[in-house]
Amino acid sequence: MRIKLSNPRGFCAGVRMAVDIVDQILDVTDENEKIYVYHEIVHNKHVVERLRQRGAIFVEDIEEIPSGSVIVFSAHGVSPLIKKTARNRNLTCIDATCPLVTKVHAEAIRYAKRGWQILLIGHKNHQEVMGTQGEAPHAIQIVETVDDIPELDIIDSTKLAYVTQTTLSTDDAEIIIRALQEHFPEIHSPPTDDICYATTNRQISVRMEAPKANLVLVVGSKNSSNSLRLTEIAKTAGTPSYLVDDVSKINPKWLQGINDILITAGASAPEHLVVEIVRHLVDNYGGELVEESNVDEGMSFSMPSSLTNFLQHIEITVKGQKS
Ligand code: SF4
């Protein structure tokens with residue numbers, strides 16, 4: 001069995017930043033101080049479990065958090081209403097929203113301020129889509145599939161723009177965008193693509209490599225949009241594909257008669273999970289790793305000012321206590 005690792009795979013810059021933020025806060029805070037995270041920091045059960053073990057408390061309702069606590073907003077972004085509720089509860093807010101999600105929020109705000117209607121292409125119940133829609137709920141309608149287009153309530157198609165969720169399949173998004181352009185020829189597109197570099201790069205690699213494999217394993221959690229899209233892309237390429245959280249989720253039946261296996265990982269899946277799967281295949285199925293490099297995508301995001309302010313405040317408090 002030949003094992004090929006798709007390239008690039010795994011953590012993107014936004015996920016690295018968000019996870020680092022929670023780790024850094026846990027590093028400097030007293031173990032008695034509770035650190036809350038609104039929603040899963042990234043959609044990966046192993047990442048969330050590790051941070052939970054370190055003391056982070058994940059919540060889905062801001063009202064559950066005691067007044068005066070520290071709250072981290074997840075990489076998917078939150079609506080202004082969530083931020084306001086947190087401020088009203090006197091929470092110290094640290095924003096781990098990926099800057100590429102913030103860019104989509106900014107586009108939505110800009111169009112809404114002009115009095116335009118906005119079509120948000122994305123998955124209705126996804127945390128990112130809910131956050132973006134919350135920027136201008138009166139102006140934004142969600143388009144999940146082309147079937148939603150006839151139901152749209154459009155007042156003036158010359159004042160209409162679309163934005164997209166960052167983690168869509170580029171192929172699916174293209175189909176919806178083309179259909180929108182047919183219905184509304186004057187629809188305005190965002191200045192740059194909203195689907196992020198990490199989603200695009202991982203999809204390009206799987207689209208290219210999946211047809212050469214008999215099986216594609218995608219490491220990621222079920223609620224990870226970009227991981228699910230990778231599984232779909234491999235299937236569309238004609239290769240059976242499964243989304244697995246870790247090595248324990250591999251069904252031995254999938255591996256029967258398999259000569260070439262491609263492994264990739266969604267943007268929120270840590271590399272050690274890929275390594276464990278490779279070891280398992282080498283040790284138990286005579287697997288041979290034919291390519292393992294992982295390209296450096298050359299992207300990193302600086303820490304948000306809300307974190308640096310928080311860390312400075314901790315430092316000043318500690319110094320004050322010592323003097
Ligand atoms: S997948 Fe893209 S948008 Fe999402 S956190 Fe990573 S870089 Fe940001």
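Trainee: Which strands does helix α7 lie across?

Mentor: α7 lies across β1, β9 and β11. Its angle to β11 is about 175°. Angles here run from 0 to 180 degrees between N-to-C directions, with axes fitted to C-alpha atoms, for helices over the stretch in contact. Helices (H or I, at least four residues) and strands (E, at least two) are DSSP runs, numbered from the N terminus. This is a predicted model, in which local features need pLDDT of at least 70 and side-chain atom pairs count only at 80 or more, while totals for chains, interfaces and linings use all residues. Residue numbers start from 1 along each chain as its sequence is written.

Trainee: What makes β10 and β12 edge strands?

Mentor: Each pairs on one side only. Pairing takes at least two DSSP bridges between two strands. The open sheet has 5 strands, ordered β10-β9-β11-β1-β12, with parallel pairing. Neighbouring strands are turned by 25° against each other on average, direction ignored.

Trainee: How many bridges support calling β9 and β10 a pair?

Mentor: There are 4, in the parallel sense. The cut-off is at least two, so β9 and β10 qualify. Within this pair, leucine 217 stands opposite tyrosine 242 in β10.

Trainee: What is the order of the strands in the β6 sheet?

Mentor: That open sheet has 3 strands, ordered β7-β6-β8, and the pairing is parallel. Its edges are β7 (140-143) and β8 (160-164). The twist averages 30° from one strand to the next. β6 (residues 117-121) is joined to β8 by 5 bridges. Leucine 120 faces valine 163 across that pairing. Helix α4 lies across β6, β7 and β8, at about 170° to β8.

Trainee: Why is α8 called mostly covered?

Mentor: Count its buried residues: 9 of 12. Buried means 20 or more other C-beta atoms within 10 Å of the residue's own, exposed means 12 or fewer, and partly exposed lies in between, with C-beta atoms placed from the backbone. Leu228, Leu230 and Ile233 are among the buried ones. The cover includes α7 (197-209), β9 (215-219), β10 (241-244) and β11 (260-265). α8 also lies across β9, β10 and β11, running at about 165° to β10.

Trainee: How does the reach of α8 compare with the expected span?

Mentor: α8 (residues 225-236) reaches 16 Å from its first C-alpha to its last, close to the 16 Å expected. The expectation is 1.5 Å times one less than the number of residues. After α8 comes glycine 238, with a positive phi near 95°.

Trainee: What makes histidine 39 count as buried?

Mentor: Histidine 39 has 21 C-beta neighbours inside 10 Å, so it counts as buried. It sits in the loop between β2 (35-38) and α2. Its phi is positive, near 70°, though the residue is not a glycine.

Trainee: Asparagine 90 also has a positive phi without being a glycine. Why is asparagine 90 classed as it is for exposure?

Mentor: Its phi is about 60°. Asparagine 90 is exposed because 10 other C-beta atoms lie within 10 Å. Its place is the loop between α3 (80-88) and β5 (92-95).

Trainee: Why is histidine 46 called partly exposed?

Mentor: Histidine 46 has 16 other C-beta atoms within 10 Å, so it falls in the middle class. It belongs to helix α2 (residues 45-54).

Trainee: Which residues is histidine 46 in contact with, beyond its neighbours within four places in sequence?

Mentor: Those are Asp246, Pro270 and Leu273. Contact requires C-beta atoms, placed from the backbone, within 7 Å. Separately, the C-alpha atoms of histidine 46 and serine 221 are 8.7 Å apart, across 175 residues of chain.

Trainee: What makes the bond between asparagine 7 and proline 8 stand out?

Mentor: It is a cis peptide bond, with omega about 5°. Proline 8 is in the loop between β1 (2-5) and α1.

Trainee: Which residues come nearest to the ligand?

Mentor: Cys12, Gly14, Cys98, Thr166 and Cys196, out of 15 around it. Being near takes a C-beta atom, placed from the backbone, within 6 Å. α1 (13-28), α4 (99-113) and α7 each give two or more residues to this shell. α1 gives the most, with 3.

Trainee: How many residues of the shell are nonpolar, polar or charged?

Mentor: The shell holds 10 nonpolar, 5 polar and no charged residues. Nonpolar covers Ala, Val, Leu, Ile, Met, Phe, Trp, Tyr, Cys and Pro; charged covers Asp, Glu, Lys and Arg; the others, Gly among them, are polar.

Notes
Two residues are in contact if their C-beta atoms, placed from the backbone, lie within 7 Å.
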